[in-house]
Amino acid sequence: MDNYSLDDIYIKPLDSKEHELALSTEDLKVYYGDKEAIHDVSLPFERYKITALIGASGSGKSTYLRSLNRMNDLIPGARVDGKIMYRDLNINSAKVDVYEMRKHIGMVFQQPNPFAKSIYDNITFAPRQFGEKNKEKLDEMVEQTLKQAALWDQVKDKLHTSALALSGGQQQRLCIARAIALQPDILLMDEPASALDPISTSKVEDTLMQLKDQYTIIIVTHNMQQAARISDYTAFFYSGKALEFDDTKTIFTSPRIKATNDYVSGHFG
Ligand SMILES: Nc1ncnc2c1ncn2[C@@H]1O[C@H](COP(=O)(O)OP(=O)(O)OP(=O)(O)O)[C@@H](O)[C@H]1O
């Protein structure tokens, strides 16, 4: 692999008059102990758009994504510096109620991880924890979120059976339904389809395209065709830095940075 300069950076500015931002980071750094794994990443995320984070293994995509709803707080020795701006609030601040913030910025992980509970209880667990007790509302929420996740038709007659009996692709769509039950603004997804077969992957992709009307999605993916198919914007990570951010089409057809060009044309990864 070539050694690329970490100073050649192009981040397309998104003018806030034309592009409503759901989230942005300013000079975000993430440390594991003494090691700086993410170096000054400043990126904008437009509302109701899908932004893909791409880059080779170890380039920092997951570390960066996890910092966006403070999941790195759970890793011993991890520390995050810099700003994460959400609705004029820097959520990387000790004053922020992280539990409450995660209602607005939800996450779906690589491996489907439903609770060992029924399909119904998977979706209603967190809303009940947050105080929703009304059965009609919970029923409606289950139906609506499963429809949004394109799973309703397959499970409507077995809502009270175990989620663990679903296929991997169905489990992942259930996890998406569970994440949207709290009506977040933003969904963070760490390779949500990488453990799935091509048919399930395509269903999850269809689901994401539909969710875009209501949610802002930030997705880590190794699958470049997937990034090209579903995302509006793409950020290319290299060695802990976001070297390039632009419209997805530009990143895949005429990137400005050599490292991006080499990566998307398959020279390394
Ligand atoms: N919990 C951790 N403790 C220490 N170092 C870590 C930890 N998690 C990640 N790292 C390091 O941080 C750097 C970025 O890793 P990260 O997993 O964010 O990259 P990635 O681009 O998401 O990789 P992949 O595509 O393989 O998931 C790597 O050098 C990795 O070894």
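In this predicted model, helix 3 spans residues 119–129 and buries Ile119, Asn122, Ile123, Thr124 and Pro127. An α-helix has 3.6 residues a turn, so residues three or four places apart point the same way. The cover over the buried residues of helix 3 includes helix 4 (135–148), helix 5 (152–155) and helix 6. After helix 3 comes Gly131, with a positive phi near 110°.

**Overall fold**

The protein has ten helices and eleven strands. Its C-alpha trace spans about 55 × 45 × 40 Å along the principal axes. For 269 residues, a compact globule would have a radius of gyration near 18 Å; the protein has 19 Å, which agrees. Buried residues account for 42% of the 269. Among contacts with a separation of 6 or more, 69% join residues 24 or more positions apart.

The UniProt annotation, from an unreviewed entry, reads "domain: ABC transporter" and covers residues 23–264. Over that range the chain is 37% helix and 27% strand. The end C-alpha atoms of the range are 26 Å apart.

**Three helices in the account**

| Helix | Residues | Role in the text |
|---|---|---|
| Helix 1 | 61–67 | gives three residues to the shell around the ligand |
| Helix 3 | 119–129 | has buried residues, among them Ile119 and Pro127 |
| Helix 6 | 168–180 | gives six residues to the largest nonpolar core |

**The core**

Which residues touch the most other members of the largest nonpolar core? They are Leu53, Ala177, Leu188, Ile217, Ile218 and Phe236, in a core of 68 residues. Helix 6 gives the most to this core, with six residues. Helix 6 also helps to cover the buried residues of helix 3.

Leu53 deserves a closer look. Leaving out residues up to four places away in sequence, Leu53 touches Lys61, Tyr64, Leu65, Ile218, Val220, Ala235 and Phe237. Ile218, one of these partners, is also listed with Leu53 among the core residues that touch the most other members.

**The ligand shell**

Tyr32, Ala37, Gly55, Ser57, Gly58, Ser59, Gly60, Lys61, Ser62, Thr63 and Ile75 surround the ligand. By class, the shell has three nonpolar, seven polar and one charged residues. Which helix gives the most to the shell? Helix 1 does, with three residues.

Lys61 ties the two regions together in this account. Lys61 is one of the residues around the ligand, and Leu53 of the core touches Lys61.

Notes:
Residues are numbered from 1 along each chain as its sequence is written. This is a predicted model: local features need pLDDT of at least 70, side-chain atom pairs count only at pLDDT 80 or more; totals for chains, interfaces and linings use all residues. UniProt positions are given in the numbering used here, feature names are shortened, and annotations may be inferred rather than shown by experiment. Helices (H or I, at least four residues) and strands (E, at least two) are DSSP runs, numbered from the N terminus. A residue is near a molecule or strand if its C-beta atom, placed from the backbone, lies within 6 Å of it. Ala, Val, Leu, Ile, Met, Phe, Trp, Tyr, Cys and Pro count as nonpolar, Asp, Glu, Lys and Arg as charged, and the others, Gly among them, as polar. A nonpolar core is a set of buried Ala, Val, Leu, Ile, Met, Phe, Trp, Tyr and Cys residues joined through C-beta atoms within 7 Å. A residue is buried if 20 or more other C-beta atoms lie within 10 Å of its own, exposed if 12 or fewer, and partly exposed in between; C-beta atoms are placed from the backbone. Two residues are in contact if their C-beta atoms, placed from the backbone, lie within 7 Å. The radius of gyration is taken over C-alpha atoms; the globule rule is 2.2 Å times the number of residues to the power 0.38.
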